[in-house]
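This report describes one protein model for a reader who is new to structural biology. Please keep the sequence and the three-dimensional view at hand while reading.

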Amino acid sequence: DSSELADIENYIRANEKAPNKQLFGIAKNRNVIIVSMESLQSFVINNTVNGQEITPFLNDFIKQSYYFDNFYHQTGQGKTSDAEFLIENSLYPLGRGAVFFTNATNEYNATPEILKNYGYYTAVFHANNKSFWNRDVMYQSLGYDRYFSLNDFDVNEENSVGWGLKDKYFFEQSIAYLKTLPQPFYTKFITLTNHFPFELGEEDRMVPEYTSNSRTLNRYFPTVRYMDESLKLFIESLKKEGLYQNSIIILYGDHYGISENHNEAMAQYLGKQEITPFDHVQLQRVPLIIHIPGVTDRDPKVISKVSGQIDVKPTLLHLLGIDTKNDLHFGQDLFAKDKLDFVVLRDGSFVTKDYVYKDNVCYDKKTGLKTDISYCEPYVEKAKQELDYSDKIVYGDLLRFYNGKNGTNYKK
Ligand code: GP9
Ligand code: MN
């Protein structure tokens, strides 16, 4: 009930960090372009397969951006949809099932809904059936004006592979719609080609497959390379269409692509003896790139603060100059001077500046070896608390009460 909410609110307020003054409002009124990069893990960034760069475009783009190299996905069974949920609500997804299915008609205060109060038009682009992950229902709760889904795209045998429309064509066709949207807009693009089982025609392979006992890992590299090339073409088109300069572009990896079933091949690729539980947690890192033309290209940064998808919402809102003091969320502004080095994964593992915790074992990040549990202890309770509070909000639909009380938070 609403008394539970009071405890949660106290916890959240006590953990809040003041936004970075220099960056607050730096992207005010700009268009927002978010890209969910399917199954993209950080280990491919600035890395090679058979001597060839896997992500040449992203490697270059990072040099004109803020790049977070200790950023973790926090998704559960809801995969892509969990990542969307984290990014736009700064709440945790659920330990079982997908919140997009179980709690799609809850009251939320998601980024698109907030931005509508600031004159933004909100749209999402994804060339899959509109009801996949129950998106057609959930997107209404999140405040989307328009969902461009499968029926809005021209999909045929020639331009599709695996799960559907290939990313190059997806971006190309999306841009045609994007041009017509009222500005400023908040938009999210969900890629698809780099999805398990990583199918790709010979003609689209720009790097060779890897050679190991895992077909999955072998095929991952060419599809990652294909997505990288698609992103390059997308950014080029944005420039051509005059939609680049006045935008803020955020690219994030949604979740892992290579599961622990492929640990042996993964160890071979990474040149390790084995993938330990410590390595497994480190492999849950996904890229986060924040690109603000005229800002990050002049002063690019690699930011190694430990962080996660839950931190994106307050970060973005602050860059847009929007106060979040009345918002209920668990993430912290990535640019806040005293942002904690801390991330909780959905399985209860967590990472701090110096330690990794998984299955009741504490690991020293410098060595990757087990260390005394007392080093992790101070965070064990906090990690549980966060997941528990967030679950209470979702299962109890508690934002009903909060919005009921403070429904005008974001009305100007
Ligand atoms: C499907 C796409 C991929 O629409 O989002 O789903 P995933 O299996 O990664 O959640
Ligand atoms: Mn996905």
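Which residues does Ser81 touch, not counting residues up to four places away in sequence? They are Ala98, Phe100 and Trp133, where contact means heavy atoms within 4.5 Å.

## Basis of the report

This is a predicted model, in which local features need pLDDT of at least 70, side-chain atom pairs count only at pLDDT 80 or more, and totals for chains, interfaces and linings use all residues. Residues are numbered from 1 along each chain as its sequence is written, chains are lettered from A and ligands numbered from 1 in the order in which they are written, and side-chain values use heavy atoms, with hydrogens and water left out.

## Ser81 in helix α3

Ser81 belongs to helix α3, which covers residues 79-89. Helices (H or I, at least four residues) and strands (E, at least two) are DSSP runs, numbered from the N terminus. With a relative accessible area of 0%, Ser81 is buried. Buried means under 20% relative accessible area, exposed over 50%, and partly exposed in between (1.4 Å probe, protein chains only).

The side chain of Ser81 also makes a polar contact, reaching the backbone oxygen of Gly78 at 2.6 Å. A polar contact is a pair of N or O atoms within 3.5 Å; within protein, one must be able to donate a hydrogen and the other to accept it, and residues adjacent in sequence count only if both atoms are side-chain atoms.

## The surroundings of ligand 1

Twelve positions need not be learned by heart, but several deserve attention: the residues around ligand 1 include Glu38, Lys79, Thr80, Trp133 and Arg135. A residue is counted here if one of its heavy atoms lies within 4 Å of the ligand. The shell divides into four nonpolar, five polar and three charged residues. In this scheme Ala, Val, Leu, Ile, Met, Phe, Trp, Tyr, Cys and Pro count as nonpolar, Asp, Glu, Lys and Arg as charged, and the others, Gly among them, as polar.

Three histidines place polar side-chain atoms beside oxygen atoms of ligand 1: His126 at 2.5 Å, His195 at 2.8 Å and His255 at 3.1 Å. Taken alone, ligand 1 exposes 310 Å², and the protein buries 95% of that. Accessible areas come from the Shrake-Rupley method with a 1.4 Å probe; for residues, only the protein chains shown count as cover.

## Strand β1 and its partners

How many of the seven residues of β1 are buried? Seven of the seven are, so β1 is largely enclosed by the rest of the structure. Asn31, Ile33, Val35 and Met37 cover one side, and Val32, Ile34 and Ser36 the other.

Strands of a sheet pair through backbone hydrogen bonds, either parallel or antiparallel. Two strands pair if DSSP finds at least two bridges between them. Strand β1 runs parallel to β11 (residues 247-253), with seven bridges, and pairs with β10 in the parallel sense over five bridges. Val35 stands opposite Leu251 in β11 and opposite Phe189 in β10.

## An antiparallel sheet

Five strands form an open sheet in the order β15-β16-β17-β18-β19, with antiparallel pairing. At its edges stand β15 (342-344) and β19 (370-371), each with a single partner strand, so one side of each is left without a neighbour in the sheet. Within this sheet, four bridges join β17 (residues 355-358) and β18 (residues 361-364), and Lys358 has Val361 as its bridge partner.

## Asp228 in helix α8

Asp228 lies in helix α8 and is buried, at 0% relative accessible area. Its C-alpha atom is 7.3 Å from that of Pro56, although the two residues are 172 apart along the chain. Among the residues that Asp228 touches are Ile54, Thr55 and Leu58. A polar atom of the Asp228 side chain lies 2.8 Å from the backbone nitrogen of Phe57.

## Unusual backbone geometry

Most residues other than glycine have a negative phi, and most peptide bonds are trans. Ser39 has a positive phi of about 50°; this buried residue, at 3% relative accessible area, is in the loop between β1 and β2. Asp397 also has a positive phi of about 50°, and is located between α12 and α13.

Two peptide bonds are cis: one joins Gln183 and Pro184, with omega about 0°, and another runs from Phe196 to Pro197, with omega near 5°.
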